[in-house]
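Please read the following account with the sequence and the coordinates side by side. It moves from a single residue to the helices, then to the contacts between side chains, and ends with the confidence of the prediction.

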Amino acid sequence: MRLGPGQLLRIEEVVTAAARDPRWELTEDQVAVLRDAVRDAFAQRFGVATLDVDGN
């Protein structure tokens, strides 16, 4: 099962929002590292579907 094009972006958004919770006390650099690591792990595990020429 591959992730749809918008799903990876949504994962990034959710991780970023959660990581910015003040209780975590993460810097913006730490938030970026966490977001990128989660995105890369999901992409590696599930792959990312690409759009065809018609955008489908």
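Where in the chain is Glu25 found? Glu25 lies in the loop between α1 and α2, where helices (H or I, at least four residues) and strands (E, at least two) are DSSP runs, numbered from the N terminus. This is a predicted model, in which local features need pLDDT of at least 70 and side-chain atom pairs count only at pLDDT 80 or more, while totals for chains, interfaces and linings use all residues. Residues are numbered from 1 along each chain as its sequence is written, and side-chain values use heavy atoms, with hydrogens and water left out.

Although Glu25 is not a glycine, its phi is positive, at about 55 degrees. Most residues other than glycine have a negative phi. Glu25 counts as exposed, because its relative accessibility is 69% and the class requires over 50% relative accessible area, with buried meaning under 20% and partly exposed in between (1.4 Å probe, protein chains only). Another positive phi, near 75 degrees, belongs to Gly47, which follows α2.

The protein as a whole has two helices and zero strands. The first of the two to consider, α1, has 15 residues and reaches 22 Å from its first C-alpha to its last, close to the 21 Å expected at 1.5 Å a residue, the expected span being 1.5 Å times one less than the number of residues. For α2, with 19 residues, the expected span is 27 Å, and its end C-alpha atoms are 27 Å apart, so the two values agree.

Which residues of α1 are buried? They are Leu8, Ile11, Glu12, Val15, Thr16 and Ala19. Because these residues cover an arc of only 125 degrees around the axis, they are on the same side of α1; the arc is that of the directions from the helix axis to the C-beta atoms. What covers the buried residues of α1 includes α2. Thr16 offers a detailed example: this residue of α1 is buried, with a relative accessible area of 11%, and, when residues up to four places away in sequence are not counted, Thr16 touches Val31 and Arg35, a contact being heavy atoms within 4.5 Å.

Charged side chains add further links. A search of the whole structure finds seven salt bridges, each defined as a side-chain nitrogen of Lys or Arg within 4 Å of a carboxyl oxygen of Asp or Glu. One of them joins Arg39 and Glu12, with 3.8 Å from N to O. That pair links distant parts of the chain, since Arg39 belongs to helix α2 (residues 28-46) and Glu12 to helix α1 (residues 5-19), 27 residues apart. Arg39 counts as partly exposed at 22% relative accessibility, whereas Glu12 counts as buried at 19%. Arg35 and Asp36 form another salt bridge, their closest N and O atoms being 3.3 Å apart. Through shared partners, salt bridges join Glu12, Arg35, Asp36, Arg39 and Asp40 into one network. Within that network, Arg35 is partly exposed, with a relative accessible area of 23%, and Asp36 is also partly exposed, at 25%. A further salt bridge is formed by Glu28 and Arg20, whose closest N and O atoms are 3.0 Å apart; Glu28 is partly exposed, with a relative accessible area of 48%, and Arg20 is partly exposed with a relative accessible area of 48%.

Beyond the helices, Ala49 is placed in the segment after α2 and counts as partly exposed at 28% relative accessibility. The C-alpha atoms of Ala49 and Leu3 are separated by 5.8 Å, although the two residues are 46 apart along the chain. Leaving aside neighbours within four places in sequence, Ala49 is in contact with Arg2, Leu3 and Pro5. Over the whole protein, among contacts between residues at least 6 apart in sequence, 54% join residues at least 24 apart. Of the 56 residues, 20% count as buried.

How far the coordinates may be read depends on confidence, given by pLDDT, the predictor's confidence in each residue, from 0 to 100. The mean pLDDT of the protein is 86, and 88% of its residues reach 70 or more. Over residues 52-56, however, pLDDT stays under 50, and the model has two contacts beyond four places in sequence for them. Where pLDDT is low, the predicted coordinates should not be read in detail.
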